[in-house]
Amino acid sequence: MPGLKFASSRGGAPLVSLSEAIAQGLAPDGGLYIPSKLPTVDAAAFAGVSGLPQLARLALATFFSGDGLHDALAEIADAAFTVAAPTTIVTACSDPLFALELYHGPTAAFKDFGARFLAESQRCLQAPAPAQPLTILVATSGDTGGAVAAAFNGRAWARVVILYPKGLVSPRQEQQLTCWGDNVLSLRVDGTFDDCQGLVKEAFQDPQLSRKHRFSSANSINIGRLLPQMVYYIASSLELSERTGLTPCYIIPAGNLGNACAALWARAMGFPLGRIILAHNINRAVPDFLASGRWQPRPSIATLASAMDVGNPSNIERIRALYPSFATLREHLSADTVDDVTIRARIGGDFMQYGREWCPHTATAAEVYSRLSATERRDQPWVVVATAHPAKFNEIVEPIIGRPIQVPQSLAHLLRLPRHCVDLPPTLEALAAALA
């Protein structure tokens, strides 16, 4: 039976299979792969299904149908989603507010689930082991690189090359990016995340480099990273709609928009997600676009919520492809911005009032929630998406709340390892030399 095909968000590349989309990472025309037709489901059919691995098998089955990876989906889902389970908990708040904690994986960030799913998918695609390793190029604003390194570390068929902006990640994030050695090369780029992301895309589109190094991506530009991120939205929306009898709404800290796109796709498939609001720091390309209809990417600005310091988010292409009409997009998505002063105030205020310890990114979502009207907060259950453990940002959070944050065991282990990194100017020539 023919399977689902995947198209470029720019419409200038041939349709490909899921395996081809994952292997290539980026479409030949520079676009991002999207389903040629987004599958739809009857959410009621998922009643009684428990556990993320089983939900992943059922929810993603249509995406894998007819593909060479289809028979491996159960194995891939088990490996990715048994690492740690995100939990939905009630905060100490009189409103129906929930926190979806996505930081219980190996590197204490939501990226762990998608990175491990992608690594398992790529492992299946590399059988039998190739003569030349795959080169996984990944630009990171803080959390992606560590999650990808953890997922691919020690796999002989892959080499991971991390590009991260010098001085623009937290100290503990940098430790997670540089503590691996082995098959992981960490490049500290003298520039911003957008410079790092631009270098990755430029390298992909250089035919000579691509042939020489067998590039693939592990950013959310790779659909193999994005599909599994739908699963925790599916799971939490089904759980909360059953618990409350209402459709939950989500506030998502937003940077490169992969996590946001996953939620939008899950809702468009028919799962019970209500309103979706993006919480940005002062990198406001997306909020300004939703206000004016004019897409104007810009240089990124350094903030406390450093993993969200993105001025030209790649996944805006997927979101605009999902909603080609701007009026329809405005109906389905909204966004707000939060500055550093307010991030600090929200971290301190919610700790004092509720005992919650937020990382700076999650604090943006908590702040946006506080701006809702009393009626909005009362009439629907709301979910603040907690994307990273606050211990990764101890130098910011601990002085505000006045006490140390307990470090997860997995993170504590990584903090004890030695660092390895190479400084790099933001040019393709320098990247080519480092790869060689």
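What volume does the largest pocket have? That was my opening entry, and the answer came out at about 260 Å³. A reminder to myself before going on: this is a predicted model.

**Entry: the largest pocket**

I listed the lining next and got 15 residues for the largest pocket. Val49, Ala235, Leu238, Glu239 and Glu242 are the ones that lie nearest its centre. Then I asked which helices supply at least two residues each of this lining. I found two to write down: helix H2, residues 52-59, and helix H10, residues 223-244. H10 has the largest share of the lining, with five residues. Sorting the lining of the largest pocket by class, I noted nine nonpolar, four polar and two charged residues.

**Entry: the second largest pocket**

I moved on to the second largest pocket, whose volume is about 160 Å³. Its lining is short enough to copy out here: Gln24, Leu26, Ala27, Pro28, Phe204, Gln205, Ser210 and Phe215. How many of these lining residues are charged? I found no charged residues in the lining of the second largest pocket, with five nonpolar and three polar ones making it up.

**Entry: closed spaces**

Cavities came next, and I was pleased to have a brief list: two of 30 Å³ or more. The largest cavity has a volume of about 280 Å³. I counted 24 residues in its lining, and Phe110, Lys111, Gly255, Asn256 and Ala307 lie nearest its centre. Which helix gives the most to this lining? My note says helix H11, residues 258-269, with three residues. By class I recorded 10 nonpolar, 11 polar and three charged residues around the largest cavity.

The second largest cavity holds about 30 Å³ of space. I wrote its lining down as Ala254, Gly255, His280, Asn283, Ala285, Val286, Met308, Val310 and Pro313. Gly255 thus turns up in the lining of this second cavity, and Gly255 is also among the residues nearest the centre of the largest cavity. For the second largest cavity I noted six nonpolar, three polar and no charged residues.

**Entry: strand E12 and its neighbours**

I then turned to strand E12, residues 382-386, and asked whether its residues are buried or exposed. Five of its five residues are buried. Trp382, Val384 and Ala386 point one way from E12, while Val383 and Val385 point the other way.

Which strands pair with E12? I have two to report. Strand E4, residues 97-101, runs parallel to E12 and is joined to it by five bridges. In that pairing I found Ala99 opposite Val384. Strand E9, residues 249-253, also pairs with E12 in the parallel sense, over three bridges. Here Tyr250 has Val383 as its bridge partner, and Ile251 stands opposite Val384.

E9 earned a few lines of its own. Five of its five residues are buried. Cys249, Ile251 and Pro253 point one way from E9, and Tyr250 and Ile252 point the other way. E9 also runs parallel to strand E10, residues 276-280, with four bridges joining them. I found Ile252 of E9 opposite Leu278 in E10.

**Entry: the nonpolar cores**

In soluble globular proteins, nonpolar side chains tend to be buried together, so I looked for such groups here. The largest nonpolar core has 94 residues, and Phe63, Phe152, Met230 and Tyr233 touch the most other members. H10 gives the most to this core, with 11 residues. A second, separate core has 31 residues, including Ala279, Ala305, Ile347 and Val384.

What does Phe63 touch, leaving out residues up to four places away in sequence? I listed Leu4, Phe6, Leu18, Pro35, Leu38, Pro39, Leu227, Met230 and Met269. Met230 in that list is also one of the residues touching the most other members of the largest core.

**Entry: Leu240**

My last check was Leu240, found in helix H10. Why does Leu240 count as buried? Its relative accessibility is 0%, and buried means under 20%. I also looked at Leu240 against Ser373: they are 133 residues apart in sequence, and their C-alpha atoms are 21 Å apart in space.

Conventions:
Residues numbered from 1 in each chain as written. Predicted model: local features only at pLDDT ≥ 70, side-chain atom pairs only at ≥ 80, totals over all residues. Heavy atoms only, no water. 1 Å grid on protein atoms, 1.4 Å probe; cavity = no way out; pocket = protein on both sides within 12 Å on 5 of 7 lines; lining within 4 Å. Points joined across faces, edges and corners; volume = space filled by probe spheres on them. Nonpolar A, V, L, I, M, F, W, Y, C, P; charged D, E, K, R; others polar. Buried < 20%, exposed > 50% of the residue type's maximum accessible area, 1.4 Å probe, protein only. Pairing = 2+ DSSP bridges. Core = buried A, V, L, I, M, F, W, Y, C linked by side-chain atoms within 4.5 Å. Contact = heavy atoms within 4.5 Å.
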